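Student: Please give me a close look at one part of this model: the empty space and whatever frames it. Keep it brisk.

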Amino acid sequence: MLQSLIFDMDGTLFQTDKILEMSLDDTFNHLRTLNQWDTSTPIDKYREIMGVPLPKVWEALLPTHSDEIRKYTDDYFLKRLVENIRNGKGALYPNVKEIFSFLKENNCSVYIASNGLKEYLEAIVDYYELNNWVTETFSIQQIQTLDKGDLVKTIIKKYDIKSAAVVGDRLSDINAAKDNNLLAVGCNFDFAQADELAQADVVIDDLIELKTIVLKINNSSLI
């Protein structure tokens, strides 16, 4: 029986690309006014590394800048993201609330484990009222290692979870599942990469497919 599903946020539940480019543009425009940037916004580079913790994002996007500037950029970017979420410029992926309702009806608890910052995650959860279904949302900020596997382990220990699946679009989600002996469900969505998805136990193209997976497992006692 699947006791719980642990979801990634960006690129899995939330269509980050709808606010990503505008928020990143806002941020790099601001850096230009400070004479800290003089070329185009590195949106393609960001998409390549999507899913890693933000401190590592700024190391990649601002490789020659000081830690002070990176921290300043991180704070500004977060403010822009949160404001765009609260202004309704983002969107959930199709069928998020439908699958959450199905899981709750089938006594399967829902958690979120994300590399996103706490304030950012709270803005999404609050705006879309996800706490109607989600037991708790966990941010990578809550652990020192910045490792998704350790974050998932925190959830497992806190809620004494015996069997679960991790649902996400990137290798960090798949590895987090495997590190904890859980089912790895890969989401073939916007930021997904074929070589990473190949390592998942099962791949879906729409969250609604989780219905079939959960019912199949719970009816066969494979887990």
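Tutor: First, a term. Helices and strands here are DSSP runs, with at least four residues for a helix (H or I) and at least two for a strand (E), numbered from the N terminus. The model is predicted.

Begin with enclosed space. A search of the whole structure finds 1 cavity of 30 Å³ or more. The largest cavity has a volume of about 230 Å³. It has 23 lining residues, and D10, Y46, M50, V52 and G116 are the closest to its centre. Which helices supply at least two residues each to this lining? They are α2 (43-49), α3, α4 and α8 (171-179). By class, the lining of the largest cavity holds 11 nonpolar, 6 polar and 6 charged residues.

Two of those helices return at the open spaces. The largest pocket measures about 210 Å³ in volume. Its lining counts 14 residues, and L54, P55, W58, K71 and D74 lie nearest the centre. α3 (54-61) and α4 are the elements that give two or more residues to the lining of this pocket. So how does the lining of the largest pocket divide by class? There are 7 nonpolar, 2 polar and 5 charged residues.

Now follow α4 away from the pocket. Helix α4 covers residues 67-86, and helix α6 covers residues 118-127. The axes of α4 and α6 come within 9 Å and cross at roughly 0 degrees. Angles under 35 degrees count as roughly parallel, and α4 and α6 are therefore roughly parallel to each other. On the α4 side, the contact uses L78, L81, V82, I85 and R86. Facing them in α6 are E119, Y120, A123, I124 and Y127. The contact of α4 with α6 has 8 nonpolar and 2 charged residues, and no polar ones.

α6 leads on to the second largest pocket, with a volume of about 180 Å³. K118, L121, E122, V125, D126, N131, E136, T137, F138, S139 and Q142 form its lining. Both α6 and β3 (134-139) supply at least two of these residues. α6 gives the largest share, 5 residues. The class split for the second largest pocket is 3 nonpolar, 4 polar and 4 charged.

What does α6 lie across? It lies across β2 (109-114) and β3, and it runs at about 155 degrees to β3. With over 145 degrees counted as roughly antiparallel, that angle to β3 falls in the antiparallel class.

β3 takes us into the sheet. The sheet is open and has 6 strands, ordered β3-β2-β1-β4-β5-β6, with parallel pairing. β3 and β6 (202-204) stand at the edges with a single partner strand each, so one side of each has no neighbour in the sheet. From one strand to the next, the twist averages 25 degrees. Take one pair from within that order. Strand β4 (residues 164-168) runs parallel to strand β5 (residues 183-187), and 4 bridges join them. V167 stands opposite V185 in β5.

Put the path together. α4 contributes to the lining of the largest cavity and to that of the largest pocket. α4 also meets α6. α6 in turn helps to line the second largest pocket together with β3, and β3 is an edge strand of the sheet.

Conventions
Residues are numbered from 1 along each chain as its sequence is written. This is a predicted model: local features need pLDDT of at least 70, side-chain atom pairs count only at pLDDT 80 or more; totals for chains, interfaces and linings use all residues. Side-chain values use heavy atoms; hydrogens and water are left out. Axes are lines fitted to C-alpha atoms, for helices over the stretch in contact, and angles run from 0 to 180 degrees between N-to-C directions. Angles under 35 degrees count as roughly parallel, over 145 as roughly antiparallel, 65 to 115 as roughly perpendicular and the rest as oblique. Contact means heavy atoms within 4.5 Å. Ala, Val, Leu, Ile, Met, Phe, Trp, Tyr, Cys and Pro count as nonpolar, Asp, Glu, Lys and Arg as charged, and the others, Gly among them, as polar. On a 1 Å grid over the protein atoms alone, a cavity is a set of points where a 1.4 Å probe fits but cannot get out, and a pocket is an open set with protein on both sides within 12 Å along at least five of seven lines; lining residues have an atom within 4 Å of a point. Grid points are joined across faces, edges and corners, and a volume is the space filled by probe spheres set on the points. Two strands pair if DSSP finds at least two bridges between them.
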